[in-house]
Amino acid sequence: MADIYTEELNGERINDAVFERNLAMTDRFGVTVAQNLINRDTVISEVKQLITAGDDAFDLFQCGAMNQCTLAAEGYLLDMAEIDYLDFDKAWWDRSAMEGISVGGKIYHAFGDNSLNSKKATLAVLFNKSLTEKAGIPDLYTTVKEGDWTLDLLTEYAEQIAMDVNGDGARTYGDDIFGVGIEHGVAVWAFSSSGLTTFSIADDGSAIYNLNSAAALDAMEIVNRFMTASPDFVLNAQKAPGEYNGNFVEFRKLFMSDKIGFYMGHLGTVTLVGGEMNSDFGILPFPKVFAEQDKYYSTLQLNNAMTVSVPKSASDTTRTGLLTEAYVMFSHDTVLPAYYDYTLTMRSTRDEQSEEMLDIIFANRIFDIGIAFSGNLGAGPYKFLTDTGIAETFNYASKEASSQKSLITAFEKTLTAILEVEY
């Protein structure tokens, strides 16, 4: 889904909105928005080379949030909080997610309405309306709006939906109906839906380690209970049999063919299933972990969610700030509404209630700085949460005690590097 540049109008909603946004930049400021693509696999090395060489080739840089964290830690990005014209309190910036980006008051990259990829990378729950209605499940939109949508309730509804269709006394992949489809990453995403983070930053820029708190222990106990619930109604893509193990394309087909009631994944899934799915489906936020939470929280796939930054090689930061603010503001008025319209019509009829759900999902996005600055989803806090979330025997307390020192040491090393950056 191109959200930076398109050559011409073609009648497709997002394409035309991007074209109109870029035309507005030309009309207002006399600049042309162009896309300078860099190979995703070599993006870090290529950007470092350009910046180190002092090559003023680009004013604004957009890539995955974890890559941005790496560039910030190594001193390649400017503090956007110090750039004129950028006002992160405006509606077109995601202030909620950016609270987790700030390090000692410095903001090295930002979430704005220009990046549809960061919207698509946001975690949510899709539900099959046909299966939930057949199971007698109450209106889920009302449940969300009344604040009652929890992980425990999802477990209850998943068990209610599950059905041994072929009557062989077992749940067979591809034949029977499962209540909910998950993957290992759900353990991390569900932890974030409690509103907690692995680390946070104090006002003085020092690290605050959160995984040894009673709240974190309680949250992960609930998450683990969900992740290890009976495979008769909770189907894990990474535990599927044979050739289906980890095959997310095949796994999504189960949802599309009315074999899974709830699907927990990123919002990009709407596009992947919407064009071919016959049954109607809806969108919900990730459920609360604690019933007493005052709001729903969502998180992002930090290796896929795109943010914008300003390279330290930028020669005219005042100009960059003005153009960036306008670019994101115009996106708020053109590209974002097109995204909503596109997403909400990827089903048999436009679902106006899912629009309200999207507002809830985007309102309180968690950016876990401890995970983002780890630089690797196969290690650090992400791996810790995954391992303890899917463990058949809940071992959070002992695992946290043995992991605490290495987790803190690694994060503080990165944090120190960021705070010591000089320009």
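With which residue does arginine 13 form a salt bridge? The partner is aspartate 341, and the closest N and O atoms of the two are 3.2 Å apart. A salt bridge here is a side-chain nitrogen of Lys or Arg within 4 Å of a carboxyl oxygen of Asp or Glu. This pair links distant parts of the chain, with arginine 13 in helix α1 (residues 13–29) and aspartate 341 in helix α14 (residues 335–344), 328 residues apart. Helices (H or I, at least four residues) and strands (E, at least two) are DSSP runs, numbered from the N terminus.

The model is predicted: local features need pLDDT of at least 70, side-chain atom pairs count only at pLDDT 80 or more, and totals for chains, interfaces and linings use all residues. Residues are numbered from 1 along each chain as its sequence is written, and side-chain values use heavy atoms, with hydrogens and water left out.

The overall form comes next. The protein has 18 helices and 11 strands. Its C-alpha atoms fill a box of roughly 70 × 55 × 40 Å along the principal axes. The radius of gyration is 22 Å, which agrees with the value near 22 Å for a compact globule of 423 residues. That radius is taken over C-alpha atoms, and the globule rule is 2.2 Å times the number of residues to the power 0.38. Of the 423 residues, 55% are buried. Buried means under 20% relative accessible area, exposed means over 50%, and partly exposed lies in between (1.4 Å probe, protein chains only). Among contacts between residues at least 6 apart in sequence, 75% join residues at least 24 apart; a contact means heavy atoms within 4.5 Å. The exposed area is about 17,600 Å², and carbon and sulfur atoms supply 47% of it. These areas come from the Shrake-Rupley method with a 1.4 Å probe, and for residues only the protein chains shown count as cover.

The structure holds 12 salt bridges. In the pair described at the start, arginine 13 is partly exposed at a relative accessible area of 34%, and aspartate 341 is partly exposed at 25%. Another salt bridge joins aspartate 59 and arginine 319, with closest N and O atoms 3.2 Å apart. Here aspartate 59 sits in the loop between α2 and β1, while arginine 319 belongs to helix α13 (residues 317–333), 260 residues apart. Both ends are partly exposed: aspartate 59 has 26% relative accessible area and arginine 319 has 37%.

The salt bridge between aspartate 94 and arginine 365 has its closest N and O atoms 2.7 Å apart. It links the loop between α3 and α4 (95–98), where aspartate 94 lies, to strand β11 (residues 365–366), which holds arginine 365, 271 residues apart. Aspartate 94 is buried at 10%, and arginine 365 is buried at 1%. Salt bridges that share partners also join Lys129, Asp280 and Asp351 into one network.

Which charged side chain is nearest to arginine 252 among those of opposite charge? It is glutamate 183, 7.3 Å away; arginine 252 is buried yet has no salt bridge. Lys and Arg count as positive and Asp and Glu as negative, with His and the chain ends not counted. Arginine 252 lies in helix α11 (residues 248–256). Leaving aside residues up to four places away in sequence, arginine 252 touches Tyr263, Thr269, Leu272 and Val273.

Two helices show how segments are covered. Helix α14, which carries aspartate 341, has 8 of its 10 residues buried, so it is largely enclosed by the rest of the structure. Tyr339, Tyr340 and Tyr342 are among the buried residues of α14. These buried residues pack against α1, α5 (116–120), α12 (268–274), β8 (281–284), α13 and α15 (352–363).

Helix α3 (residues 65–73) is mostly covered, with 7 of its 9 residues buried. Those residues are Ala65, Met66, Gln68, Cys69, Leu71, Ala72 and Ala73. Their cover includes α2 (43–52), β1 (61–64), β10 (306–309), α16 (369–372) and α18 (396–419). Just after α3, glycine 75 takes a positive phi of about 80 degrees.

Lysine 134, in helix α6 (residues 129–134), is exposed at 70% relative accessibility. Lysine 134 and alanine 72 are 62 residues apart in sequence and 51 Å apart in space, C-alpha to C-alpha.
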